[in-house]
Amino acid sequence: MGTISRRAWLSALALVVGSGPAFAKSSSDGLDPMSVRRVMDVTVEPRFELDLLRSGTQPTAELNGRLYFLATPSGATLQDLWVTDGTTAGTRSVQEELLPPGAHIEPGSLRATPHRLFFTATSPETGRELWTSDGTREGTRITRELNSGQLDGVAAQGPLFVFGDSVLFTPAGMGETEFDLWKSDGTTEGTVPVKDIASGATQANADGFVRVGNTVFFSAKNELGTELWRTDGTEAGTTLVRDIATGAGDSSPRDLTAVGNTLYFTADDGQHGRAVWKSDGTEAGTVRIKDFNPAATGLVPTQLAAVGDTLVFVATSTEAASQLWRTDGTDAGTQQLTALPSAMLNRGSGQLLVPAGHRAFLVARGAMLGDSVWVTDGTAAGTRRLAHPTAYGHESVRGFAPWEDGLAFIVTTETGASELWRSDGTDAGTSRLTRLPSGHPLAPPAGLVPFQGALLTSAGDAWTSRALWRMERDDASPTFVCPARLDVPSNGPSGTVRVDFKPELRTGPDRAWIRSSFEDGQQIPLHQTLSVTYQAGDDQGRIAYCTTRMTSLDLTPPAIANCPTGLTVSAQSPRGATFYYPKLGIADETTQDVLVVYSPTNGSLLPVGTTRMNVTAKDASGNESTCAFPVTVRNTQAPSKACKVNEVRVEAEGPQGAHAYWPDLTPVDSMSNKVTVTSTHASGDLFPLGVTPVQVVSTDEAGNSSTCEIQVRVRDSRPPTLTCPEDQTLTTAVMSGTRAEYPEATAEDAVSATQITYSPVVGTPLAPGLHSVQVTAMDEAGNAALCDFHVTVQYDPTTDMRRGLGCSVGSGPSAAAGWGAVLALAWTLSRRRKDGTPRA
């Protein structure tokens, strides 16, 4: 609440105007084609509406260029007779001028022949009788007193039907006359009985008069029941047309309608239910056209109207949707035109078919979907609901009348404004003609009467309790453009005390003045609505109206402070994180009752990712402020390390190293179901000798990672496979021994080359005796294999001799000498000790 800047006010106004109903604004950019003029302020309530419950009644009668109507004075119940010629000077009450004191005309009974006015009236002296008037006091009188004194001579709410220069009427059925049908030309001598339809004092209740050519048809009751009759105004020419419900039963003809030279009506013959009939005035020519079988279908024909040479009618139902039909007088030519929405029309909803031009308009009032107007030209293609002024809604049709080959009707919008519309049955020909006086809730426009090419209605406005208004074609009439509703910002602590809005006025060449029903100092209480009426007038007396329902509102939303731009939180589980909104500063300048809504709710579990958080603060006036910010839930927890061991030791398989294996790399991540493991080496790879570090990285979907290392040690710890030679015996002729000479040992190693060493080394002097030789085989890793074998050194002095003599001793003297030498040496050696020293 509070004062709003003028710029903010205009912005709010633009939004409201732009969003208002289309028909509440100007229907075009031009001026409205009709002007409204005040004929006269009145303290009475003129009656211009049709009585839908009484067919054949008329609220007005026109005679000699003047319109007669009834009006109810303020605080009274009986109605007075008024007259107007469309001007202020020619509009007045003629109740006291024409009628005696205490006399009152029966509503709906005004009729006019070419030269006289007829009506039924009741006076204290005469009771109810038929009256006539030429518009003067001297020419206003009872035509003929059918029953003397205070006894009624004319039936209450009885029909008056104009037939040439005369009227047909029905008596009260009591007193002196037994005739059931009378006629009058306005003179005593010309007020005569026509026919005694029901013998004796029984009333015939003649009703429903309609003229077809020179014949008048009506329904009446006698001993044969209520049936169809005809008259030419003479006793001989007044006859029963047909006993439709044979015997004493009632066919009860209703809705008598003339279509060319044919009479159409509805009747019940007692066998088929109410059906559509036609008649040419003869018994043989009175036939049933269409049987609706109401007992089975629930459809009852009603509301007949002529459209050219075609009859259209409504078939109502309490069980299903009502239907609009047409007929050319044959069963085959009786067809359904359209089905009406079941919620829109039902029996007793106030629908009325109004012939206008070459079409008939169905005006539906008081229905569940709001009032609406339909149109038909007698064809299915030409039958539809008018799209304007509204499709369906809370608007009401308060008055209607055939005018200019179309239908003129008054629409009262849900805002209380009233508008005059006209339709020729097409969308292009359906438009608003002008806005009507409004602003007085107890005196909306009532009824619509064509008169002298113009239209008359009565209504009150914000400055006049009620007046008589005249609408007529005028291309230069003032025209307003304003919204149907307007939210005005409060400019005080309790509402709006100043309204700056001025409706747009489009007018003709004359300057117009504008006034508003909203007075300075007046207040529109906060959150309440007030109908504000604007009136414009020009020098020619033309008046235009515009009504806007203004609502004083607190248009300032609550303030939200400390709204973050964005937050990041760590996930607590794979499902996300529980989030609590930070403390916000929320305040409203008008109320402490601020509704704060969190979406998602406070304490919600937010999924991993980004969620848009919304805080809405709404005050008691419905103003909202929103704080919105993103919250990103991130997985910041890295997976566990995937390594199950820190080191793997393997034995070399060859010069290239060895294949190393380790347990499966299975990291654990409580936040993510998908973890990717990468490593510099795979389990089972071939690793070289030495230490090789294996880097293992575990990465989850959020990019969090952990690293561990496995050291793969490939070692050569196995010694070579060493094979020593067999034990050896060395023979020497040298007493001191001989140099060491060995057969080669063999060594094998799968990983590296080996080096073989002997101890004693080759070439070492060996004394005669037994020697142990140790063989060592060492690979490049320093692994050694040992083995040993024995070498026996034998002293044999003959060794060299034998070597010199050869390997064998022959015979002969030389051989004998050689053997002798050997034997001598052997004996010498045998004399030494085992340690090589000579024996003593």
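Start by selecting cysteine 643 and cysteine 708: both residues are buried (buried means under 20% relative accessible area, exposed over 50%, and partly exposed in between, with a 1.4 Å probe and protein chains only). A disulfide joins cysteine 643 to cysteine 708, with 1.9 Å from S to S (a disulfide here is a pair of cysteine sulfur atoms within 2.5 Å). In general, such a link is a covalent bond between the sulfur atoms of two cysteines.

Before moving on, keep in mind that this is a predicted model, where local features need pLDDT of at least 70, side-chain atom pairs count only at pLDDT 80 or more, and totals for chains, interfaces and linings use all residues. Residues are numbered from 1 along each chain as its sequence is written, and side-chain values use heavy atoms, leaving out hydrogens and water.

**Stop 1: around the cysteine 643 link**

Turn the view until you can look along the S-S bond of cysteine 643 and cysteine 708: the torsion is 80 degrees, and the link is right-handed. This pair connects distant parts of the chain, 65 residues apart: cysteine 643 sits in the loop between strand 54 and strand 55 (647-651), while cysteine 708 belongs to strand 60 (residues 705-715). Strands here are DSSP runs of E with at least two residues, helices are runs of H or I with at least four, and both are numbered from the N terminus.

**Stop 2: strand 60 and its neighbours**

Now show the side chains of strand 60. Which residues make up its covered face? They are Ser706, Cys708, Ile710, Val712 and Val714, whereas Ser705, Thr707, Glu709, Gln711, Arg713 and Arg715 make up the uncovered face. That fits a general pattern: in a regular strand the side chains alternate between the two faces of the sheet.

Next, add strand 59 (residues 690-700), which runs antiparallel to strand 60 and is joined to it by 10 bridges (two strands pair if DSSP finds at least two bridges between them). To see one of these partnerships, pick valine 691, whose bridge partner in strand 60 is arginine 713. Strand 59 and strand 60 form a hairpin with 4 residues between the strands, and glycine 703 in this hairpin takes a positive phi near 90 degrees.

Then add strand 55, which runs parallel to strand 60, with 5 bridges between them. Glutamate 647 stands opposite glutamine 711 of strand 60.

**Stop 3: the other disulfides**

How many disulfides does a search of the whole structure find? There are 3. Select cysteine 563 and cysteine 627, which form a disulfide with their sulfur atoms 2.0 Å apart. The two cysteines are 64 residues apart, with cysteine 563 in the loop between strand 47 (559-561) and strand 48 (567-570) and cysteine 627 in strand 54 (residues 624-634). The torsion about their S-S bond is about 85 degrees, so this disulfide is right-handed. Is each end buried or partly exposed? Cysteine 563 counts as partly exposed, at 32% relative accessibility, and cysteine 627 is buried, at 2%.

Go on to cysteine 724 and cysteine 787, joined by a disulfide with 1.5 Å from S to S. Cysteine 724 is found in the loop between strand 61 (721-723) and strand 62 (728-732), and cysteine 787 in strand 68 (residues 784-795), 63 residues apart. Cysteine 724 counts as buried at 19% relative accessibility, and cysteine 787 is buried at 16%.

**Stop 4: aromatic rings**

The structure holds 18 aromatic pairs. Rings of Phe, Tyr and Trp (its six-membered ring) pair if their centres lie within 6.5 Å; planes under 30 degrees apart count as stacked, over 60 as edge-to-face and the rest as tilted.

Select phenylalanine 48 and phenylalanine 69: their ring centres are 5.2 Å apart and their planes stand at 70 degrees, so the pair is edge-to-face. Phenylalanine 48 is buried at 3% relative accessible area, and phenylalanine 69 is buried at 1%.

Now select phenylalanine 313 and tryptophan 325, whose ring centres are 6.4 Å apart with planes at 20 degrees, so this pair is stacked. Phenylalanine 313 lies in strand 25 (residues 310-316) and tryptophan 325 in strand 26 (residues 323-327).

Finish the stop with Phe579, Tyr581, Tyr598 and Phe629, which form one aromatic cluster.

**Last view: the whole chain**

Zoom out to the protein chain, with its 5 helices and 68 strands. Of its 840 residues, 47% count as buried.
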